Amino acid sequence: MWFCEKAAQCRGIDISKFPTEPAMRAKADAAYDAVLQLLYSYALVPGQHLSDKDLASKLKIGRTPVREALIRLAAEGKIISLPQRGYFTRPLIEWALLDLYTLAREILIFALARAQSQAPDLAAPRYELSPTELALRAEAIFTEIAQRASNCEMCKIIDKFCFCTHPVRMEIAASEPSPSFRRSIAKLTDVMPQLGDAAGAVKSALMSHLDLEQSALSGVVQDMNTRWLTSFSLEARNSRANPPLQEGKHVIRDELT
């Protein structure tokens, strides 16, 4: 299940009073972080099969902790588990993504109302951010707003939202809407110090940014899925011409919906 590193802090527990075991869950956590980083790397396409054997070989990690990582990711809703088929990256389905945006809006608005005033964790960048950095900056802002509310369940929802919409955000940051996206992130960064004191300004900038992402969502999903289907068709033709040693690397989207 999802684990919040600030859970004790949110509940007012002084963890310094309790002994810690750094080695505990080290392998499982390392495998989880490695697989998560691979998924965030944008190297895997929507609906792609995740083989524990292939991942273990690629990441130089044992298959057992990789399987534990996949189970944990599936429990968090970041990947999909299909009985008798295995694990797959999430497909890009517009209505499902719109539902995530609707829920994220409600959570972030509620979090803003509960946010406590304190120094922001995010400093304004001294250089122009790359598309990857822009996407991660937006997700860091969403995460910080949720964390300020000191509610682990809200952090969990926003964590899933950030992960599942990350490919879309990456595409927006690297495509035609990029200048508007860049300006929106800059404005959000500028108003974040007002969080807790003037939450209205943060809310306005946040809602405007989410509007920007949602307005681009339909076109982005269509473009990305078109590219995926084209790639899948080419791979299928190549597979028929040169039968692979392993089959089932992909699964038809309809089976994941």
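A salt bridge is taken here as a side-chain nitrogen of Lys or Arg within 4 Å of a carboxyl oxygen of Asp or Glu, and by this rule the predicted model holds ten salt bridges.

**View 1. The salt bridge between Lys 78 and Asp 159.** The closest N and O atoms of Lys 78 and Asp 159 are 2.7 Å apart. Because Lys 78 sits in the loop between helix H4 (63-75) and strand E2 (79-82), while Asp 159 belongs to helix H7 (residues 152-174), the pair ties together parts that are 81 residues apart in sequence. Lys 78 counts as buried, with a relative accessibility of 3%, whereas Asp 159, at 22%, counts as partly exposed.

**View 2. The salt bridge between Arg 169 and Glu 139.** In this pair the closest N and O atoms are 2.8 Å apart. Arg 169 lies in helix H7 and Glu 139 in helix H6 (residues 131-148), so that the salt bridge ties together parts that are 30 residues apart in sequence. Both Arg 169 and Glu 139 are buried.

**View 3. The salt bridge between Arg 148 and Glu 144 within helix H6.** The closest N and O atoms of Arg 148 and Glu 144 are 2.8 Å apart, and the two residues, both in helix H6, are separated by four residues, about one turn of the helix. Arg 148 is buried, as is Glu 144.

**View 4. A network of salt bridges that share partners.** Asp 29, Arg 72, Glu 76, Lys 78 and Asp 159 are joined into one network by salt bridges with shared partners. The pair of View 1, Lys 78 and Asp 159, is thus shown again here as part of that network.

Note on methods. Residues numbered from 1 in each chain as written. Predicted model: local features only at pLDDT ≥ 70, side-chain atom pairs only at ≥ 80, totals over all residues. Heavy atoms only, no water. Buried < 20%, exposed > 50% of the residue type's maximum accessible area, 1.4 Å probe, protein only.
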